[in-house]
Amino acid sequence: MLELTVDLGDRSYPIFIGSGTLSDAAKLTPYVRAKQVAIVTNETVAPLYLDKLKALLNDFDVIDVVLPDGEAFKNLQTLEAVFDGLLQARHNRATTLIALGGGVVGDMTGFAAACYQRGVEFIQIPTTVLSQVDSSVGGKTGVNHPLGKNMIGAFHQPNAVIIDTDLLATLPDRELSAGIAEIIKYGLICDSEFFTWLQANIAKLMARDTDALVYAIHRSCADKANVVAEDEKESGIRAILNLGHTFGHAIETHLGYGEWLHGEAVAAGMVMAARLSCRLGDISREQVEQIKALLQQANLPVLPPEGMTPDDFLSIMAVDKKVLDSRLRLVLLEQVGKAVVTSEFDRSKLDEVLAEMCV
Ligand code: NAD
Ligand code: MG
């Protein structure tokens with residue numbers, strides 16, 4: 001089992017990563033402060049893993065709250081079910097919430113923990129690749145509002161993140177690929193050595209080889225933890241984690257959420273960012289081809305959806321929340337392994353890339 005620390009002073013916490021981690025009570029119970037525990041999960045994950053988790057918590061007073069599955073339920077109304085459960089069982093400020101699920105469950109549980117009685121502790125047990133490498137680390141929590149995704153939320157760091165790669169055995173193939181898009185992102189933004197490793201090991205990851213998954217998830221968490229430790233609340237460098245996300249967000253908005261998975265939209269978005277970086281003279285054509293090839297081997301899209309026009313992109317990107325002072329800021333690649341956030345780029349090059357890639 002591997003371990004690393006998210007270094008945030010008195011809010012620092014460990015991430016445990018391995019195969020079979022969720023069979024080890026010693027990794028979990030030291031992070032539960034008192035007797036009361038509330039597991040929050042959803043109707044897909046509960047039948048798979050809820051009993052396994054409960055078996056580690058025999059010495060505690062455990063309740064569970066099983067939410068409906070889906071991004072559509074990531075809202076304030078669904079969150080009430082968590083508060084109802086906590087209040088009905090008279091949970092006090094020493095309770096610990098445990099998120100057992102993907103990013104939706106993790107974001108909602110973290111936000112419930114941030115709000116309940118003005119803040120209680122929580123533990124992340126992420127069950128998708130995306131949540132294991134991205135959403136469970138870094139303390140961003142929240143829910144959606146009808147007028148915007150993740151618009152209601154808080155920064156609230158967990159006590160610990162427990163990652164068991166065995167839980168990925170039941171994950172649908174498309175979800176696996178979507179999570180791998182975010183793994184590839186880390187190589188691109190800050191870790192060229194990891195990018196090279198991914199080129200050599202992508203087939204193993206796609207085959208869910210345990211050692212490859214543990215290595216890639218550990219390395220991704222370490223990369224994210226470094227960025228978060230430097231800029232916890234995204235006043236600067238943390239924005240590089242959004243490589244491909246401004247284009248990706250435009251794709252998700254254009255298609256309607258749920259058509260393409262987030263990771264799929266980000267994959268196409270990263271190719272767009274890479275091509276723009278190439279046109280601006282930063283990375284080479286060969287490198288763009290390498291990025292595309294890697295994403296394709298992960299069964300991810302490398303072009304925007306058919307029929308989406310340059311104007312569709314521009315009109316949506318102009319209202320993207322990452323646009324500061326109405327100047328379009330993008331995450332671009334200075335090199336493979338080094339991203340920069342900038343609004344200082346030649347706009348005509350963006351128009352050329354959009355014209356070239358929208359078919
Ligand atoms: P998700 O939570 O919807 O999970 C995807 C699907 O897989 C769901 O149907 C889920 O029930 C199912 N599932 C989960 N674990 C499974 C398992 N082990 N076996 C079988 N099925 C399983 O989606 P996600 O991709 O994990 O997370 C996406 C969410 O994460 C979005 O809401 C996004 O906004 C959020 N997010 C947050 C951050 C952050 O920093 N907080 C970062 C990235 C994404
Ligand atoms: Mg993302």
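Is helix α9 largely enclosed by the rest of the structure or left open, and why? Let me answer that straight away. This is a predicted model. In it, eight of the 11 residues of α9, which spans residues 245-255, are buried, so the helix is largely enclosed by the rest of the structure.

Here are the buried ones. They are His245, Thr246, Phe247, Gly248, His249, Ala250, Ile251 and Glu252. What covers them? The cover includes α10, α12 at residues 310-317, and β10 at residues 330-335. Then look just past the end of the helix. Gly256 follows α9 and takes a positive phi of about 90°.

Now the sheet. Seven strands form an open sheet. Read across, the order is β1-β2-β9-β6-β5-β3-β4, and the pairing is mixed. β1 and β4, the latter at residues 61-67, stand at the edges. Each has a single partner strand, so one side of each is left without a neighbour in the sheet. From one strand to the next, the twist averages 15°.

Let's walk through some pairs. Start with β1, residues 2-6, and β2, residues 13-18. They pair in the antiparallel sense over five bridges. Find Glu3, and its bridge partner in β2 is Phe16. The two strands make a hairpin, with six residues between them. In that turn, Gly9 has a positive phi of about 60°.

Next, β2 and β9. β9 covers residues 160-164, and this pairing is parallel, over four bridges. Phe16 turns up again here. Its bridge partner in β9 is Ile162.

One more pair. β5, residues 96-101, and β6, residues 121-126, run parallel over six bridges. Leu100 is bridged to Ile125 in β6.

What lies across the sheet? Two helices to point out. Helix α2, residues 46-54, lies across β3 (36-42), β4, β5 and β6. α2 runs at about 165° to β3. Helix α8 lies across β1, β2 and β9, and runs at about 15° to β1.

Stay with α8 for a moment. The helix spans residues 210-230, and Val214 sits in it. Which residues does Val214 touch, leaving out those up to four places away in sequence? They are Leu2, Ile17, Gly18, Ser19 and Thr165. Take Ile17. Val214 and Ile17 are 197 residues apart in sequence, yet 6.6 Å apart in space, C-alpha to C-alpha. Is Val214 buried or exposed? In fact Val214 counts as partly exposed, because it has 18 C-beta neighbours inside 10 Å, and buried would take 20 or more.

Now step back along the chain to α6 and α7. α6 covers residues 173-190, and α7 covers residues 192-206. They pack at an angle of about 155°, with their axes 7 Å apart. The two are therefore roughly antiparallel to each other. Who meets whom? From α6 we have Ile180, Ile184, Tyr186, Gly187 and Leu188. From α7 we have Ser192, Phe194, Phe195, Leu198 and Leu205.

Two loop residues deserve a look. Most residues other than glycine have a negative phi. Arg208 has a positive one, near 60°. You will find Arg208 in the loop between α7 and α8. Arg208 is partly exposed, with 16 other C-beta atoms within 10 Å. Then Glu234. Its phi is near 55°, also positive in a residue other than glycine. Glu234 lies in the loop between α8 and α9. Glu234 is partly exposed, with 16 other C-beta atoms within 10 Å.

On to the inside. The largest nonpolar core has 109 residues. Which of them touch the most other members? Val40, Ile98, Leu188 and Ala273 do. Helix α10, residues 262-279, gives the most to this core, with 11 residues. Zoom in on Val40. Leaving out residues up to four places away in sequence, Val40 touches ten residues by name: Val65, Leu67, Val82, Leu97, Ile98, Ala99, Val105, Met108, Thr109 and Ala112.

Last, the record. An unreviewed UniProt entry carries the annotation "domain: 3-dehydroquinate synthase N-terminal" over residues 65-177. In the model, that span is 34% helix and 30% strand. Its end C-alpha atoms lie 28 Å apart.

Note on methods:
Residues numbered from 1 in each chain as written. Chains lettered and ligands numbered in written order. Predicted model: local features only at pLDDT ≥ 70, side-chain atom pairs only at ≥ 80, totals over all residues. Pairing = 2+ DSSP bridges. Buried ≥ 20, exposed ≤ 12 C-beta atoms within 10 Å, placed from the backbone. Contact = placed C-beta atoms within 7 Å. Core = buried A, V, L, I, M, F, W, Y, C linked by C-beta atoms within 7 Å. UniProt positions renumbered as here; feature names shortened; annotations may be inferred. Axes fitted to C-alpha atoms, helices over the stretch in contact; angles between N-to-C directions. Parallel < 35°, antiparallel > 145°, perpendicular 65-115°, else oblique.
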